[in-house]
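Open the model in your viewer and keep the selection panel handy. We will go from stop to stop, picking something to select each time.

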Amino acid sequence: MILALSLAVIAAPVFLLLPAVIRHVLESTISEAVHRRVAVRKVYFNPFALDFALRGVTVSQRDSSDTMLS
């Protein structure tokens, strides 16, 4: 029981907070690197299965809001 509770207390922030942090870091870092606006709609992360996925990644044109890559 204690092990399950400890695992839940540790896993909850990973499932809830880490995707938001990853999304923010990816958007800001990639935007600076390519000098274009980068948006990530959703980040999925499952530490138990070591599963990571990005959904809705878009890169805009340099001087426009038109999508260059999606």
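How do E2 and strand E3 (residues 67–69) pair, and over how many bridges? Select both: they run in the antiparallel sense, with two bridges. Strands pair here if DSSP finds at least two bridges between them; helices (H or I, at least four residues) and strands (E, at least two) are DSSP runs, numbered from the N terminus.

A note before moving on: this is a predicted model, in which local features need pLDDT of at least 70 and side-chain atom pairs count only at pLDDT 80 or more, while totals for chains, interfaces and linings use all residues. Residues are numbered from 1 along each chain as its sequence is written, and side-chain values use heavy atoms, with hydrogens and water left out.

**The strands**

Stay with E2 and E3, and pick Ser60 to find its bridge partner in E3, Thr67. The hairpin that joins E2 to E3 passes through six residues.

Now add E1, which pairs with E2 in the antiparallel sense over eight bridges. Click Phe45 and you will see Phe52 of E2 opposite. E1 and E2 form a hairpin too, with four residues between them; in that turn, select Leu50, whose phi is positive at about 50 degrees.

**Helix H2**

Next, select H2, residues 18–34. Its end C-alpha atoms are 24 Å apart, in agreement with the 24 Å that its 17 residues should span at 1.5 Å a residue; the expected span is 1.5 Å times one less than the number of residues. Just after the helix, His35 has a positive phi, near 55 degrees.

Colour Pro19, Ile22, Glu27 and Ser31, the buried residues of H2. Buried means under 20% relative accessible area, exposed over 50%, and partly exposed in between (1.4 Å probe, protein chains only). Look down the helix axis: these buried residues fall within an arc of 140 degrees, so they line one face. The arc is taken from the directions from the helix axis to the C-beta atoms. On the other side, His24, Glu32 and Ala33 are exposed. Show helix H1 (2–16), strand E1 (38–46) and strand E2 (51–60) as well, since they are among what covers the buried residues.

**The salt bridge**

Where is the structure's one salt bridge? Show the side chains of Glu27 and Arg23, which meet at 3.5 Å, N to O. The term requires a side-chain nitrogen of Lys or Arg within 4 Å of a carboxyl oxygen of Asp or Glu. Both residues lie in H2, four residues apart, about one turn of the helix. Glu27 counts as buried at 19% relative accessibility, whereas Arg23 is partly exposed at 36%.

Terms used: Contact means heavy atoms within 4.5 Å.
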